[in-house]
Amino acid sequence: MPGWLAISLLVIAAVAGLGTLDRLLLAMERRGWIYYRKKQGSRATLGGALLQVQAIFEPQKEHAAEVRKAPLQRPTDAGKPEGSEQS
């Protein structure tokens with residue numbers, strides 16, 4: 001087989017493979033599995049994904065983020081009634 005024929009068949013196969021991959025990714029996007037070409041993800045989605053990657057590599061920082069997200073609770077005194085707060 002001549003060299004130009006082998007190269008042209010390889011190029012045709014590569015273009016067909018990329019076209020098939022594009023169709024597969026678009027079908028996955030329609031089902032809501034991924035963001036690819038038509039829909040764009042939000043910045044919050046990207047931020048959440050990056051936080052998960054950071055949690056894998058730096059677990060001590062994940063713990064700090066969880067503590068920071070915890071709701072602030074004021075300590076209550078057992079001896080004081082609910083309505084008598086001093087300023």
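This is a short conversation about a predicted model of a protein chain, centred on Glu 29, Arg 37 and Asp 22.

Reader: Happy to start with the overall layout: which elements make up the protein chain?

Author: From the N terminus on, the order is α-α-α, with three helices and zero strands in total. Of the 87 residues, 5% are buried. The chain exposes about 8300 Å², and 62% of that comes from carbon and sulfur atoms.

Reader: How do you know that the span of α1 agrees with its number of residues?

Author: Good thing to check! Helix α1 has 28 residues, and at 1.5 Å a residue these should span 40 Å. The expected span takes one less than the number of residues. In the model the end C-alpha atoms of α1 are 41 Å apart, so the two values agree. Just after α1, Gly 32 takes a positive phi of about 90 degrees.

Reader: What makes Arg 37 count as partly exposed?

Author: Its relative accessibility is 45%. Buried would need a value under 20% and exposed one over 50%, so Arg 37 falls in between and counts as partly exposed. As for its place in the chain, Arg 37 lies in the loop between α1 and α2.

Reader: Why is the pair of Asp 22 and Arg 37 called a salt bridge?

Author: The N to O distance between their side chains is 3.3 Å. The cut-off is within 4 Å, for a side-chain nitrogen of Lys or Arg and a carboxyl oxygen of Asp or Glu, so this pair qualifies. By this rule the count comes to one salt bridge. The pair links distant parts of the chain, with Asp 22 in helix α1 and Arg 37 in the loop between α1 and α2. They are 15 residues apart in sequence, and their C-alpha atoms are 9.4 Å apart in space.

Reader: And Glu 29, in the same helix as Asp 22: how do you know that Glu 29 has no salt bridge?

Author: The nearest side chain of opposite charge is that of Arg 37, 6.2 Å away. A salt bridge needs a distance within 4 Å, so Glu 29 has none. Glu 29 is nevertheless buried, as are Asp 22 and Leu 26 in α1.

Reader: Which residues is Arg 37 in contact with, leaving aside neighbours within four places in sequence?

Author: Those are Asp 22, Leu 26 and Glu 29. With the same neighbours left aside, Glu 29 is in contact with several residues, including Ile 34, Tyr 35 and Arg 37.

Conventions. Residues are numbered from 1 along each chain as its sequence is written. This is a predicted model: local features need pLDDT of at least 70, side-chain atom pairs count only at pLDDT 80 or more; totals for chains, interfaces and linings use all residues. Side-chain values use heavy atoms; hydrogens and water are left out. Buried means under 20% relative accessible area, exposed over 50%, partly exposed in between (1.4 Å probe, protein chains only). Lys and Arg count as positive and Asp and Glu as negative; His and the chain ends are not counted. Contact means heavy atoms within 4.5 Å. Helices (H or I, at least four residues) and strands (E, at least two) are DSSP runs, numbered from the N terminus. Accessible areas come from the Shrake-Rupley method with a 1.4 Å probe; for residues, only the protein chains shown count as cover.
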